[in-house]
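Please describe this protein model for a student who is meeting such structures for the first time. A report in running text, with one small table, would be welcome.

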Amino acid sequence: MISFDLGSHKFQVRAAAIFIWQGSVLLHRLEGDSFWALPGGRVEPGEDAAKTVVRELREELEQDVVCGALTYVVENFFEDRGRQNHEIGLYFQASLATNSRLLDSTQSHLGIEGSKRLEFRWFQLASLGEVDLRPSFLRHYLSAPTLHFQHIVQQG
């Protein structure tokens, strides 16, 4: 994975999926975390970011997905567990198979990340302002009537 220590910062390249369905967006969180994020993971060296999205969802949920248009390129600067981070995020619109078990929005879905569990859950776009979603710009941008390509710099 493209993630390394630069002394003052941890640097990483992350690819994520934007699944929007029936007025909701699919988010996930790692066991023990209080905040939510778009599903995805770190890009591997030599792997293009769209393939990262497909690989991560297959590994975490045993689901095949279709990765669509690149929607956001994000320079994300944040602190996590007392450590400064510099993340380049590539966010793609994506879709699930019409018979995917993940389309059941009445329950959480469990996945796995290494030895930790992941929780996947659908959130109404209109209620994202109440969700601890990171990076925080997503609360506003995902609820826009249409998604279009943007470059975003997120501080904190």
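A pocket, as the word is used here, is an open set of grid points where a 1.4 Å probe fits, with protein on both sides within 12 Å along at least five of seven lines, and a residue belongs to the lining if one of its atoms is within 4 Å of a point. The structure to which this idea is applied is a predicted model.

**Confidence in the model**

The mean pLDDT of the protein chain is 95, and 100% of its residues reach 70 or more. Among the elements of the chain, strand β2 has the highest mean pLDDT, 98, while strand β1, made of residues 3–5, has the lowest, 92.

**The largest pocket**

In the largest pocket there is about 890 Å³ of space. Its lining consists of 32 residues, and those that lie nearest the centre of the pocket are Q12, R14, F35, R42 and E87. Sorted by class, the lining holds 16 charged residues, together with 8 polar and 8 nonpolar ones. Several elements take part in this lining, since at least two residues each are supplied by β2, β4 (24–30), β5 (40–42), α1, β6 and β7.

**The nonpolar cores**

Which residues have the most contacts inside the largest nonpolar core? They are F19, V53, V65 and L96, and the core as a whole has 23 residues. Two or more residues of this core come from each of β2 (10–18), α1 (49–61), β6 (65–80), β7 (83–96) and β9 (116–124). Of these elements, α1 gives the most, with 5 residues. The surroundings of F19 can be followed along the chain: when its neighbours within four places in sequence are left aside, F19 is in contact with S24, V25, L26, P39, L57, V65, A94, S95, L96 and W122. A second core, separate from this one, has 18 residues, among them A16, V25, L27 and L38.

**Two buried residues in strands**

A15 has its place in strand β2. Is A15 buried or exposed? Because its relative accessibility is 0%, A15 counts as buried. Not counting residues up to four places away in sequence, A15 touches P39, G40, G41, V43, A49, T52, V53 and L90.

L118, in turn, is located in strand β9, and L118 also counts as buried, because its relative accessibility is 4%. Beyond its neighbours within four places in sequence, L118 is in contact with H28, R29, L30, E60, H109, L110, G111, I112 and E113.

**Separation along the chain and in space**

For some pairs of residues, the separation along the sequence can be set beside the distance from C-alpha to C-alpha.

| Pair | Separation in sequence | C-alpha to C-alpha distance |
|---|---|---|
| A15 and S34 | 19 residues | 21 Å |
| L118 and F19 | 99 residues | 16 Å |
| F149 and L70 | 79 residues | 6.8 Å |
| G46 and M1 | 45 residues | 9.6 Å |

F149, which appears in the table, is found in the loop between α2 and β10 (150–155). Leaving out residues up to four places away in sequence, F149 touches L70, T71 and V73. G46 lies in a loop as well, the one between β5 and α1, and G46 counts as exposed because its relative accessibility is 89%.

**Backbone details in the loops**

Three further loop positions deserve a careful look at the backbone. E62, in the loop between α1 and β6, has a positive phi of about 55° although E62 is not a glycine. Why does E62 count as exposed? The reason is its relative accessibility of 72%, for a residue is called exposed when this value is over 50%.

R81 is placed in the loop between β6 and β7, and the phi of R81 is near 55°, again a positive value in a residue other than glycine. Because the relative accessibility of R81 is 62%, R81 counts as exposed.

The third position is P135, which is found in the loop between β9 and α2 (137–141). What kind of peptide bond joins R134 and P135? The bond between R134 and P135 is a cis peptide bond, and its omega is about -5°.

Definitions and conventions:
Residues are numbered from 1 along each chain as its sequence is written. This is a predicted model: local features need pLDDT of at least 70, side-chain atom pairs count only at pLDDT 80 or more; totals for chains, interfaces and linings use all residues. Side-chain values use heavy atoms; hydrogens and water are left out. A nonpolar core is a set of buried Ala, Val, Leu, Ile, Met, Phe, Trp, Tyr and Cys residues joined through side-chain atoms within 4.5 Å. Buried means under 20% relative accessible area, exposed over 50%, partly exposed in between (1.4 Å probe, protein chains only). Helices (H or I, at least four residues) and strands (E, at least two) are DSSP runs, numbered from the N terminus. Contact means heavy atoms within 4.5 Å. On a 1 Å grid over the protein atoms alone, a cavity is a set of points where a 1.4 Å probe fits but cannot get out, and a pocket is an open set with protein on both sides within 12 Å along at least five of seven lines; lining residues have an atom within 4 Å of a point. Grid points are joined across faces, edges and corners, and a volume is the space filled by probe spheres set on the points. Ala, Val, Leu, Ile, Met, Phe, Trp, Tyr, Cys and Pro count as nonpolar, Asp, Glu, Lys and Arg as charged, and the others, Gly among them, as polar. pLDDT is the predictor's confidence in each residue, from 0 to 100.
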